[in-house]
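I opened this model to see how its parts fit together and where the backbone does something odd. Here are my notes, in the order I looked things up.

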Amino acid sequence: MLDIKFVRENKKEVETALLKRMEKKNLDLDKILKLDDQRREILAKLEDLQAQRNKASKTKPDAETIKQMKALGTDIKKLETELKKVELEYNEKLSALPNIPHDDVVAGGKENNKISNTYGEQPKFDFKAKDHVELATTLGLIDYKRAAKMSGAGFWAYTGDGALLEWALLNYFIDFHRSHPEYSFMIPPYMLNEQSAFISGHLPKFKEDLFWTEDDKLCLNATSEMMLGNYHAGEILDEKDLPKKYYAFSTCFRREAGAYRTEERGMIRGHQFNKIEMFHFTKPENSWTAFDELLAYAEDLVKGLDLHFNTVQLAAGDCSAAMAKTVDIEVWIPSMKVYKEVSSVSNALDYQARRGNVRFKGADGNNFVHTLNASGLATSRVFPAILEQYQQADGTVAIPEVLQKYMAGKKFLTK
RNA sequence: GGAGAGGUGGCAGAGUGGUUGAAUGCGGCACCCUGCUAAGGUGUUAUUCCGUUUAUUCGGGAUCGAGGGUUCGAAUCCCUCCCUCUCCGCCA
(Lines give C-alpha, C1' and ligand atoms only; values in the text may rest on other atoms or scores of the structure.)
Protein backbone atom coordinates (compact mmCIF):
# COMPACT_ATOMS: atom_id res chain seq x y z
CA MET A 1 0.00 0.00 0.00
CA LEU A 2 1.37 3.40 -0.96
CA ASP A 3 1.14 6.45 1.26
CA ILE A 4 -1.69 8.55 -0.15
CA LYS A 5 -0.13 11.74 1.23
CA PHE A 6 3.05 10.97 -0.65
CA VAL A 7 1.11 10.24 -3.83
CA ARG A 8 -0.86 13.45 -3.41
CA GLU A 9 2.26 15.57 -2.98
CA ASN A 10 4.48 13.81 -5.54
CA LYS A 11 2.05 12.82 -8.25
CA LYS A 12 4.43 13.32 -11.18
CA GLU A 13 7.31 11.40 -9.60
CA VAL A 14 5.07 8.55 -8.49
CA GLU A 15 3.57 8.28 -11.96
CA THR A 16 6.98 8.22 -13.65
CA ALA A 17 8.25 5.58 -11.25
CA LEU A 18 5.19 3.35 -11.55
CA LEU A 19 5.34 3.47 -15.35
CA LYS A 20 8.63 1.59 -15.04
CA ARG A 21 6.62 -1.45 -14.05
CA MET A 22 3.17 -1.03 -15.55
CA GLU A 23 1.46 0.18 -18.67
CA LYS A 24 0.05 3.66 -18.84
CA LYS A 25 -3.45 2.42 -19.60
CA ASN A 26 -3.54 0.58 -16.28
CA LEU A 27 -2.46 3.56 -14.24
CA ASP A 28 -4.95 6.26 -13.30
CA LEU A 29 -3.62 8.29 -10.42
CA ASP A 30 -6.03 11.12 -11.16
CA LYS A 31 -8.95 8.84 -10.45
CA ILE A 32 -7.45 7.81 -7.12
CA LEU A 33 -6.69 11.39 -6.13
CA LYS A 34 -10.20 12.43 -7.10
CA LEU A 35 -11.64 9.71 -4.90
CA ASP A 36 -9.32 10.86 -2.14
CA ASP A 37 -10.65 14.43 -2.46
CA GLN A 38 -14.23 13.20 -2.39
CA ARG A 39 -13.50 11.08 0.61
CA ARG A 40 -12.04 13.94 2.58
CA GLU A 41 -14.80 16.32 1.57
CA ILE A 42 -17.50 13.96 2.83
CA LEU A 43 -15.45 13.25 5.94
CA ALA A 44 -15.25 16.95 6.81
CA LYS A 45 -19.02 17.34 6.49
CA LEU A 46 -19.68 14.18 8.44
CA GLU A 47 -17.36 15.08 11.27
CA ASP A 48 -18.94 18.48 11.60
CA LEU A 49 -22.35 16.89 12.09
CA GLN A 50 -20.93 14.36 14.52
CA ALA A 51 -19.39 17.19 16.53
CA GLN A 52 -22.81 18.85 16.79
CA ARG A 53 -24.35 15.63 17.98
CA ASN A 54 -21.65 14.98 20.54
CA LYS A 55 -22.07 18.47 21.93
CA ALA A 56 -25.81 17.97 22.39
CA SER A 57 -25.33 14.56 23.98
CA LYS A 58 -23.08 15.73 26.78
CA THR A 59 -26.15 16.12 29.01
CA LYS A 60 -29.80 15.16 28.85
CA PRO A 61 -31.28 17.17 25.98
CA ASP A 62 -34.71 18.80 25.96
CA ALA A 63 -37.51 17.68 23.69
CA GLU A 64 -36.75 20.28 21.06
CA THR A 65 -33.07 19.25 20.84
CA ILE A 66 -34.01 15.60 20.62
CA LYS A 67 -36.12 16.42 17.62
CA GLN A 68 -33.27 18.27 15.98
CA MET A 69 -30.79 15.53 16.75
CA LYS A 70 -33.08 12.94 15.27
CA ALA A 71 -32.98 14.80 11.97
CA LEU A 72 -29.23 15.19 12.32
CA GLY A 73 -28.91 11.45 12.80
CA THR A 74 -30.57 10.83 9.45
CA ASP A 75 -28.12 13.17 7.73
CA ILE A 76 -25.20 11.46 9.44
CA LYS A 77 -26.37 8.06 8.23
CA LYS A 78 -26.67 9.36 4.72
CA LEU A 79 -23.16 10.74 4.74
CA GLU A 80 -21.80 7.54 6.26
CA THR A 81 -23.29 5.48 3.47
CA GLU A 82 -21.87 7.87 0.91
CA LEU A 83 -18.45 7.78 2.54
CA LYS A 84 -18.39 4.00 2.67
CA LYS A 85 -19.11 3.78 -1.01
CA VAL A 86 -16.34 6.19 -1.94
CA GLU A 87 -13.87 4.58 0.46
CA LEU A 88 -14.52 1.13 -0.92
CA GLU A 89 -13.56 2.17 -4.42
CA TYR A 90 -10.70 4.32 -3.15
CA ASN A 91 -9.19 1.48 -1.11
CA GLU A 92 -9.58 -0.97 -3.94
CA LYS A 93 -7.79 1.32 -6.38
CA LEU A 94 -5.08 2.45 -3.97
CA SER A 95 -4.24 -1.02 -2.72
CA ALA A 96 -4.02 -2.28 -6.30
CA LEU A 97 -1.14 0.10 -7.00
CA PRO A 98 2.20 -1.71 -6.93
CA ASN A 99 5.16 -0.50 -4.93
CA ILE A 100 7.36 2.29 -6.27
CA PRO A 101 10.42 0.65 -7.81
CA HIS A 102 13.78 1.55 -6.31
CA ASP A 103 15.91 4.06 -8.23
CA ASP A 104 18.38 1.47 -9.49
CA VAL A 105 15.67 -0.85 -10.79
CA VAL A 106 15.38 -0.58 -14.53
CA ALA A 107 12.08 -0.19 -16.36
CA GLY A 108 10.36 -2.88 -18.38
CA GLY A 109 9.76 -6.60 -18.06
CA LYS A 110 11.76 -9.82 -17.89
CA GLU A 111 13.69 -8.96 -21.05
CA ASN A 112 15.45 -6.18 -19.15
CA ASN A 113 16.63 -8.37 -16.27
CA LYS A 114 20.36 -8.12 -15.82
CA ILE A 115 22.88 -10.65 -14.51
CA SER A 116 24.84 -9.00 -11.73
CA ASN A 117 26.90 -11.90 -10.47
CA THR A 118 27.89 -15.36 -11.62
CA TYR A 119 29.29 -18.18 -9.55
CA GLY A 120 31.06 -21.17 -11.08
CA GLU A 121 30.47 -22.22 -14.63
CA GLN A 122 28.30 -24.56 -16.60
CA PRO A 123 29.57 -28.10 -16.07
CA LYS A 124 30.68 -29.93 -19.23
CA PHE A 125 29.86 -33.59 -19.49
CA ASP A 126 31.93 -35.97 -21.64
CA PHE A 127 29.08 -38.44 -21.50
CA LYS A 128 25.42 -38.26 -22.34
CA ALA A 129 23.99 -36.29 -19.45
CA LYS A 130 20.63 -37.24 -18.02
CA ASP A 131 17.90 -34.93 -16.83
CA HIS A 132 16.88 -34.86 -13.17
CA VAL A 133 13.68 -36.81 -13.74
CA GLU A 134 15.59 -39.73 -15.20
CA LEU A 135 18.27 -39.55 -12.51
CA ALA A 136 15.76 -39.30 -9.68
CA THR A 137 13.72 -42.18 -11.06
CA THR A 138 16.54 -44.57 -11.85
CA LEU A 139 18.27 -43.89 -8.53
CA GLY A 140 14.98 -44.32 -6.64
CA LEU A 141 15.06 -40.85 -5.14
CA ILE A 142 11.67 -39.61 -6.28
CA ASP A 143 8.49 -41.55 -6.96
CA TYR A 144 6.46 -39.49 -9.39
CA LYS A 145 4.09 -42.25 -10.41
CA ARG A 146 2.78 -43.27 -7.04
CA ALA A 147 2.59 -39.65 -5.91
CA ALA A 148 0.40 -38.91 -8.92
CA LYS A 149 -1.74 -41.92 -8.04
CA MET A 150 -2.24 -40.66 -4.52
CA SER A 151 -2.51 -36.93 -5.15
CA GLY A 152 -2.54 -36.15 -8.87
CA ALA A 153 -0.20 -34.41 -11.25
CA GLY A 154 2.27 -31.91 -9.86
CA PHE A 155 3.13 -33.91 -6.75
CA TRP A 156 6.08 -36.16 -6.03
CA ALA A 157 7.23 -38.35 -3.17
CA TYR A 158 10.78 -38.32 -1.87
CA THR A 159 11.87 -41.88 -1.30
CA GLY A 160 14.90 -43.50 0.33
CA ASP A 161 18.06 -41.51 -0.26
CA GLY A 162 15.94 -38.90 -2.02
CA ALA A 163 14.08 -38.23 1.22
CA LEU A 164 17.40 -38.17 3.06
CA LEU A 165 18.85 -35.73 0.55
CA GLU A 166 15.84 -33.45 0.91
CA TRP A 167 16.18 -33.62 4.69
CA ALA A 168 19.94 -33.02 4.42
CA LEU A 169 19.34 -29.86 2.41
CA LEU A 170 16.92 -28.54 5.00
CA ASN A 171 19.38 -29.35 7.76
CA TYR A 172 22.15 -27.62 5.89
CA PHE A 173 20.01 -24.51 5.43
CA ILE A 174 18.91 -24.47 9.06
CA ASP A 175 22.42 -25.02 10.40
CA PHE A 176 23.62 -22.14 8.23
CA HIS A 177 20.99 -19.82 9.71
CA ARG A 178 21.66 -21.10 13.20
CA SER A 179 25.22 -19.84 12.85
CA HIS A 180 23.70 -16.32 12.78
CA PRO A 181 22.27 -16.07 16.28
CA GLU A 182 20.45 -12.81 15.65
CA TYR A 183 18.07 -14.79 13.46
CA SER A 184 15.35 -16.75 15.22
CA PHE A 185 13.79 -19.89 13.88
CA MET A 186 10.07 -20.26 13.37
CA ILE A 187 7.73 -22.96 12.21
CA PRO A 188 4.53 -21.06 11.44
CA PRO A 189 1.07 -22.44 10.75
CA TYR A 190 0.73 -23.44 7.12
CA MET A 191 -2.80 -22.16 6.81
CA LEU A 192 -3.83 -18.55 6.96
CA ASN A 193 -6.96 -16.46 6.70
CA GLU A 194 -7.99 -14.08 3.95
CA GLN A 195 -6.93 -10.96 5.78
CA SER A 196 -3.39 -12.24 6.26
CA ALA A 197 -3.12 -13.11 2.59
CA PHE A 198 -4.22 -9.59 1.76
CA ILE A 199 -1.68 -8.02 4.10
CA SER A 200 1.15 -10.07 2.62
CA GLY A 201 0.12 -8.69 -0.76
CA HIS A 202 -0.93 -12.02 -2.27
CA LEU A 203 -4.58 -11.09 -2.46
CA PRO A 204 -6.40 -10.27 -4.60
CA LYS A 205 -3.80 -11.08 -7.25
CA PHE A 206 -3.03 -14.69 -6.36
CA LYS A 207 -6.49 -15.79 -5.22
CA GLU A 208 -6.59 -18.48 -7.92
CA ASP A 209 -3.10 -19.73 -7.16
CA LEU A 210 -3.85 -20.62 -3.56
CA PHE A 211 -5.54 -23.73 -2.19
CA TRP A 212 -8.65 -22.73 -0.27
CA THR A 213 -10.75 -24.63 2.22
CA GLU A 214 -14.26 -25.33 1.12
CA ASP A 215 -15.69 -22.55 3.28
CA ASP A 216 -13.11 -20.11 1.82
CA LYS A 217 -11.98 -19.12 5.28
CA LEU A 218 -8.43 -20.45 5.12
CA CYS A 219 -5.84 -21.09 2.46
CA LEU A 220 -2.61 -23.06 2.48
CA ASN A 221 0.45 -20.85 2.51
CA ALA A 222 2.25 -20.53 -0.79
CA THR A 223 5.39 -19.32 0.98
CA SER A 224 6.09 -18.70 4.64
CA GLU A 225 6.67 -15.06 3.67
CA MET A 226 2.88 -14.88 3.97
CA MET A 227 3.10 -15.90 7.61
CA LEU A 228 6.24 -14.00 8.57
CA GLY A 229 4.93 -10.77 7.10
CA ASN A 230 1.84 -11.07 9.23
CA TYR A 231 3.60 -12.09 12.39
CA HIS A 232 3.81 -8.57 13.80
CA ALA A 233 0.71 -7.19 12.05
CA GLY A 234 -0.98 -4.46 14.06
CA GLU A 235 1.90 -4.21 16.48
CA ILE A 236 4.01 -1.27 17.54
CA LEU A 237 7.51 -2.63 17.99
CA ASP A 238 10.10 -1.19 20.29
CA GLU A 239 12.84 0.64 18.39
CA LYS A 240 15.52 -1.16 20.40
CA ASP A 241 14.15 -4.54 19.30
CA LEU A 242 14.82 -3.75 15.63
CA PRO A 243 15.90 -5.27 13.38
CA LYS A 244 13.94 -8.46 13.93
CA LYS A 245 15.31 -11.29 11.84
CA TYR A 246 13.58 -14.59 11.31
CA TYR A 247 13.96 -17.73 9.29
CA ALA A 248 11.07 -20.09 8.95
CA PHE A 249 10.45 -23.51 7.53
CA SER A 250 7.24 -24.29 5.78
CA THR A 251 5.96 -26.61 3.17
CA CYS A 252 4.52 -24.38 0.46
CA PHE A 253 1.43 -25.10 -1.59
CA ARG A 254 0.63 -23.61 -4.96
CA ARG A 255 -2.08 -24.42 -7.46
CA GLU A 256 0.10 -23.51 -10.44
CA ALA A 257 -3.10 -23.68 -12.45
CA GLY A 258 -2.83 -24.64 -16.07
CA ALA A 259 -0.88 -27.32 -17.85
CA TYR A 260 2.80 -27.80 -17.17
CA ARG A 261 5.14 -27.11 -20.01
CA THR A 262 7.49 -29.93 -20.80
CA GLU A 263 10.37 -27.85 -19.52
CA GLU A 264 8.68 -27.71 -16.15
CA ARG A 265 8.24 -31.40 -15.63
CA GLY A 266 9.84 -33.20 -12.77
CA MET A 267 10.15 -31.09 -9.68
CA ILE A 268 10.73 -27.69 -11.23
CA ARG A 269 7.19 -26.55 -10.64
CA GLY A 270 4.93 -28.44 -8.27
CA HIS A 271 1.95 -28.02 -5.99
CA GLN A 272 4.02 -28.68 -2.89
CA PHE A 273 7.59 -27.95 -1.95
CA ASN A 274 9.74 -27.18 1.06
CA LYS A 275 11.36 -23.85 1.73
CA ILE A 276 13.25 -21.96 4.37
CA GLU A 277 12.50 -18.27 4.24
CA MET A 278 14.41 -15.38 5.78
CA PHE A 279 12.53 -12.28 6.85
CA HIS A 280 13.52 -8.90 8.32
CA PHE A 281 11.63 -6.13 10.04
CA THR A 282 13.97 -3.12 10.01
CA LYS A 283 14.08 0.59 10.57
CA PRO A 284 13.74 2.43 7.23
CA GLU A 285 17.31 3.71 7.21
CA ASN A 286 18.69 0.19 7.51
CA SER A 287 16.65 -1.72 4.98
CA TRP A 288 19.13 -1.57 2.10
CA THR A 289 21.92 -2.84 4.33
CA ALA A 290 19.60 -5.66 5.33
CA PHE A 291 18.95 -6.33 1.66
CA ASP A 292 22.65 -6.81 1.03
CA GLU A 293 22.93 -9.15 3.99
CA LEU A 294 20.02 -11.30 2.80
CA LEU A 295 21.41 -11.48 -0.71
CA ALA A 296 24.86 -12.42 0.57
CA TYR A 297 23.43 -15.18 2.79
CA ALA A 298 21.29 -16.59 0.00
CA GLU A 299 24.29 -16.62 -2.32
CA ASP A 300 26.46 -18.21 0.38
CA LEU A 301 23.96 -21.06 0.70
CA VAL A 302 24.16 -21.87 -3.00
CA LYS A 303 27.93 -21.36 -3.08
CA GLY A 304 28.22 -23.79 -0.18
CA LEU A 305 26.65 -26.41 -2.42
CA ASP A 306 29.05 -25.40 -5.18
CA LEU A 307 26.28 -25.05 -7.73
CA HIS A 308 26.70 -22.84 -10.75
CA PHE A 309 24.30 -19.91 -10.55
CA ASN A 310 23.55 -16.39 -11.74
CA THR A 311 22.34 -13.53 -9.63
CA VAL A 312 19.85 -11.48 -11.58
CA GLN A 313 18.59 -7.93 -11.03
CA LEU A 314 14.93 -7.99 -11.94
CA ALA A 315 13.47 -5.22 -14.04
CA ALA A 316 10.60 -3.31 -12.48
CA GLY A 317 7.90 -5.21 -14.34
CA ASP A 318 9.23 -8.59 -13.24
CA CYS A 319 9.24 -7.79 -9.49
CA SER A 320 6.14 -8.78 -7.58
CA ALA A 321 3.83 -5.89 -6.86
CA ALA A 322 4.73 -5.41 -3.21
CA MET A 323 8.44 -5.13 -3.84
CA ALA A 324 10.56 -2.07 -4.56
CA LYS A 325 13.47 -4.23 -5.67
CA THR A 326 14.07 -7.92 -6.21
CA VAL A 327 17.19 -9.88 -7.00
CA ASP A 328 16.86 -13.54 -7.96
CA ILE A 329 19.40 -16.28 -7.58
CA GLU A 330 19.04 -18.77 -10.41
CA VAL A 331 20.75 -22.15 -10.60
CA TRP A 332 21.76 -23.83 -13.80
CA ILE A 333 19.65 -26.78 -14.86
CA PRO A 334 21.82 -28.41 -17.59
CA SER A 335 19.13 -30.54 -19.25
CA MET A 336 16.88 -27.54 -19.75
CA LYS A 337 19.69 -25.15 -20.53
CA VAL A 338 18.04 -22.59 -18.27
CA TYR A 339 18.65 -20.93 -14.96
CA LYS A 340 15.85 -21.49 -12.44
CA GLU A 341 15.10 -19.37 -9.41
CA VAL A 342 16.11 -20.83 -6.05
CA SER A 343 15.90 -17.61 -4.10
CA SER A 344 14.22 -14.28 -4.47
CA VAL A 345 15.59 -11.46 -2.34
CA SER A 346 13.23 -8.50 -1.99
CA ASN A 347 12.77 -5.24 -0.16
CA ALA A 348 9.14 -4.17 0.23
CA LEU A 349 10.09 -0.94 2.04
CA ASP A 350 6.98 0.11 4.00
CA TYR A 351 4.52 -1.31 1.44
CA GLN A 352 3.69 -4.47 3.40
CA ALA A 353 4.04 -2.71 6.75
CA ARG A 354 1.33 -0.24 5.72
CA ARG A 355 -1.06 -3.01 4.85
CA GLY A 356 -0.26 -4.92 8.00
CA ASN A 357 0.12 -1.81 10.15
CA VAL A 358 3.50 -2.79 11.58
CA ARG A 359 5.18 0.17 13.20
CA PHE A 360 7.92 1.00 15.65
CA LYS A 361 8.11 3.63 18.34
CA GLY A 362 11.09 5.89 17.81
CA ALA A 363 12.24 9.29 18.96
CA ASP A 364 10.00 11.02 16.40
CA GLY A 365 6.89 8.98 17.15
CA ASN A 366 5.54 5.91 15.40
CA ASN A 367 6.76 4.96 11.96
CA PHE A 368 6.24 2.06 9.62
CA VAL A 369 8.97 -0.56 9.57
CA HIS A 370 10.48 -1.89 6.39
CA THR A 371 10.08 -5.56 5.54
CA LEU A 372 12.38 -7.76 3.49
CA ASN A 373 12.30 -11.38 2.55
CA ALA A 374 14.57 -13.87 0.87
CA SER A 375 14.42 -17.59 0.32
CA GLY A 376 17.16 -19.39 2.07
CA LEU A 377 16.45 -21.64 0.13
CA ALA A 378 13.71 -23.53 -1.64
CA THR A 379 14.73 -27.17 -2.08
CA SER A 380 12.66 -27.98 -5.13
CA ARG A 381 15.06 -26.38 -7.62
CA VAL A 382 18.22 -27.09 -5.64
CA PHE A 383 17.48 -30.81 -5.63
CA PRO A 384 17.30 -31.21 -9.42
CA ALA A 385 20.25 -28.84 -9.88
CA ILE A 386 22.35 -31.08 -7.63
CA LEU A 387 21.30 -34.22 -9.50
CA GLU A 388 22.09 -32.74 -12.87
CA GLN A 389 25.23 -30.75 -12.01
CA TYR A 390 26.72 -33.52 -9.86
CA GLN A 391 25.91 -36.48 -12.10
CA GLN A 392 28.70 -38.91 -13.00
CA ALA A 393 29.45 -40.90 -16.12
CA ASP A 394 28.37 -44.13 -14.43
CA GLY A 395 24.88 -42.79 -13.76
CA THR A 396 25.45 -42.06 -10.08
CA VAL A 397 25.35 -38.62 -8.46
CA ALA A 398 28.00 -37.20 -6.16
CA ILE A 399 26.70 -35.71 -2.95
CA PRO A 400 27.86 -32.13 -2.28
CA GLU A 401 30.39 -32.16 0.49
CA VAL A 402 28.42 -29.99 2.90
CA LEU A 403 25.53 -32.45 2.76
CA GLN A 404 27.51 -35.62 3.37
CA LYS A 405 27.53 -35.29 7.14
CA TYR A 406 23.71 -35.29 7.10
CA MET A 407 23.74 -38.52 5.07
CA ALA A 408 25.88 -40.71 7.27
CA GLY A 409 29.03 -39.72 5.37
CA LYS A 410 27.68 -41.08 2.11
CA LYS A 411 29.49 -39.63 -0.92
CA PHE A 412 27.39 -40.88 -3.83
CA LEU A 413 23.78 -41.57 -4.64
CA THR A 414 23.70 -44.97 -6.28
CA LYS A 415 21.16 -47.47 -7.47
C1' G B 1 -19.13 -31.06 18.25
C1' G B 2 -22.16 -29.59 23.02
C1' A B 3 -22.70 -26.38 27.55
C1' G B 4 -21.00 -22.22 30.29
C1' A B 5 -17.81 -17.80 31.33
C1' G B 6 -15.17 -13.92 29.30
C1' G B 7 -12.56 -10.25 25.77
C1' U B 8 -11.68 -2.51 28.58
C1' G B 9 -5.28 1.69 27.93
C1' G B 10 2.08 -1.24 28.56
C1' C B 11 -0.01 -4.63 32.62
C1' A B 12 -3.72 -5.59 36.54
C1' G B 13 -8.60 -4.11 37.09
C1' A B 14 -13.40 -0.67 37.87
C1' G B 15 -17.26 0.74 35.02
C1' U B 16 -24.79 -1.94 32.71
C1' G B 17 -27.59 4.03 28.61
C1' G B 18 -25.96 10.94 29.43
C1' U B 19 -19.07 15.80 30.27
C1' U B 20 -16.18 8.05 30.69
C1' G B 21 -11.12 8.22 26.15
C1' A B 22 -12.46 5.81 30.29
C1' A B 23 -11.78 5.35 38.13
C1' U B 24 -7.91 2.98 40.91
C1' G B 25 -3.31 0.35 41.34
C1' C B 26 1.32 -1.17 39.06
C1' G B 27 4.79 0.03 35.40
C1' G B 28 7.15 4.11 32.17
C1' C B 29 8.76 9.28 31.70
C1' A B 30 9.89 14.37 33.77
C1' C B 31 10.74 17.33 37.85
C1' C B 32 11.13 18.11 43.26
C1' C B 33 12.69 16.60 48.20
C1' U B 34 15.79 13.95 51.62
C1' G B 35 23.99 12.74 53.40
C1' C B 36 23.97 7.77 50.09
C1' U B 37 20.55 3.76 49.32
C1' A B 38 15.56 2.77 50.27
C1' A B 39 11.37 5.61 50.51
C1' G B 40 8.31 10.10 49.55
C1' G B 41 5.95 14.27 46.65
C1' U B 42 4.11 16.69 42.03
C1' G B 43 3.01 16.27 37.12
C1' U B 44 2.70 13.37 32.85
C1' U B 45 1.85 8.82 30.24
C1' A B 46 -3.03 5.09 23.98
C1' U B 47 -3.80 4.89 18.71
C1' U B 48 -5.53 6.91 14.34
C1' C B 49 -7.91 10.22 10.81
C1' C B 50 -9.49 15.24 8.95
C1' G B 51 -8.59 20.43 9.09
C1' U B 52 -5.11 24.34 10.83
C1' U B 53 -0.15 25.42 11.54
C1' U B 54 4.30 23.35 10.40
C1' A B 55 10.19 23.00 15.72
C1' U B 56 5.65 23.58 17.64
C1' U B 57 0.21 24.57 18.31
C1' C B 58 -4.90 24.47 18.14
C1' G B 59 -10.04 22.59 16.68
C1' G B 60 -12.73 18.31 15.56
C1' G B 61 -13.92 12.93 14.36
C1' A B 62 -13.19 7.70 15.34
C1' U B 63 -11.50 3.68 18.47
C1' C B 64 -13.31 -0.34 25.22
C1' G B 65 -12.09 -8.09 20.29
C1' A B 66 -14.37 -7.16 14.79
C1' G B 67 -18.66 -5.83 12.04
C1' G B 68 -23.81 -4.50 11.99
C1' G B 69 -28.34 -2.75 14.72
C1' U B 70 -31.51 -0.09 18.56
C1' U B 71 -31.36 5.14 20.63
C1' C B 72 -31.54 12.17 20.64
C1' G B 73 -27.20 9.69 23.04
C1' A B 74 -23.77 3.02 23.46
C1' A B 75 -17.70 0.49 26.71
C1' U B 76 -22.73 -0.27 28.69
C1' C B 77 -28.83 -3.00 25.27
C1' C B 78 -29.66 -6.49 20.67
C1' C B 79 -27.61 -9.55 16.40
C1' U B 80 -23.50 -11.94 13.64
C1' C B 81 -18.50 -13.32 13.56
C1' C B 82 -13.48 -14.00 15.74
C1' C B 83 -10.54 -15.25 19.91
C1' U B 84 -9.49 -16.99 25.13
C1' C B 85 -10.76 -19.93 29.45
C1' U B 86 -13.66 -24.06 32.11
C1' C B 87 -16.47 -28.62 31.81
C1' C B 88 -18.36 -32.68 28.65
C1' G B 89 -17.91 -35.42 24.03
C1' C B 90 -14.75 -36.99 19.92
C1' C B 91 -9.75 -38.24 18.76
C1' A B 92 -7.24 -42.00 12.29
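Domain bounds come from an automatic or database domain assignment. For chain A that assignment gives domain 1 (4-96) and domain 2 (110-413). I took the C-alpha centres of domain 1 and domain 2 and found them 41 Å apart.

Ground rules before going on. The model is predicted, so I keep in mind that local features need pLDDT of at least 70 and side-chain atom pairs count only at pLDDT 80 or more, while totals for chains, interfaces and linings use all residues. Residues are numbered from 1 along each chain as its sequence is written, and chains are lettered from A and ligands numbered from 1 in the order in which they are written.

**Overall picture**

I looked at the extent of chain A: its C-alpha atoms fill a box of roughly 95 × 45 × 45 Å along the principal axes. The secondary structure comes to 13 helices and 17 strands; helices (H or I, at least four residues) and strands (E, at least two) are DSSP runs, numbered from the N terminus. I call a residue buried if 20 or more other C-beta atoms lie within 10 Å of its own, exposed if 12 or fewer, and partly exposed in between, with C-beta atoms placed from the backbone. On that count, 36% of the 415 residues of chain A are buried. For contacts I use C-beta atoms, placed from the backbone, within 7 Å. Among contacts in chain A between residues at least 6 apart in sequence, 73% join residues at least 24 apart.

**The RNA side**

Which residues come nearest to RNA strand B? I noted Gln50, Ala51, Asn54, Met69 and Asn366, out of 19 residues around the strand; "near" here asks for a C-beta atom, placed from the backbone, within 6 Å. The elements that give two or more residues to this surface are α3 (29-56) and α4 (63-96). Helix α3 supplies the largest share, eight residues. By type, the surface near RNA strand B divides into six nonpolar, six polar and seven charged residues. In that split, Ala, Val, Leu, Ile, Met, Phe, Trp, Tyr, Cys and Pro count as nonpolar, Asp, Glu, Lys and Arg as charged, and the others, Gly among them, as polar.

**A three-strand sheet**

Next I traced an open sheet with the order β7-β13-β14 and mixed pairing; two strands pair if DSSP finds at least two bridges between them. Why is one side of β7 and of β14 left without a neighbour in the sheet? Both β7 (236-238) and β14 (365-368) stand at the edges with a single partner strand each, so one side of each stays free of a neighbour there. The twist averages 40° from one strand to the next, using lines fitted to C-alpha atoms as axes (for helices over the stretch in contact) and angles from 0 to 180 degrees between N-to-C directions. Strands β7 and β13 (residues 359-362) run parallel and are joined by three bridges. Ile236 has Arg359 of β13 as its bridge partner.

**Around β12**

Strand β12 (residues 338-349) is mostly covered, with 10 of its 12 residues buried. It pairs with β11 (residues 325-333) in the antiparallel sense over nine bridges, and Val331 stands opposite Lys340 there. β12 also pairs with β15 (residues 370-378), again antiparallel, over four bridges; Ser346 faces Asn373 in that pairing. Helix α12 (residues 379-389) is mostly covered too, with 11 of its 11 residues buried.

**Backbone oddities**

Most residues other than glycine have a negative phi, and most peptide bonds are trans. I therefore listed the exceptions, beginning with Lys337, whose phi is positive at about 55° although it is not a glycine. Lys337 lies in the loop between β11 and β12 and is exposed, with 9 other C-beta atoms within 10 Å. Leu349, in strand β12, has a positive phi of about 50°. Is Leu349 buried or exposed? Leu349 is buried, with 24 other C-beta atoms within 10 Å.

I also logged two cis peptide bonds. One runs from Leu242 to Pro243, with omega near 0°, and Pro243 sits in the loop between β7 and β8 (244-253). Another joins Gly376 and Leu377, with omega about -5°; Leu377 is in strand β15.

Conventions: Contact = placed C-beta atoms within 7 Å.
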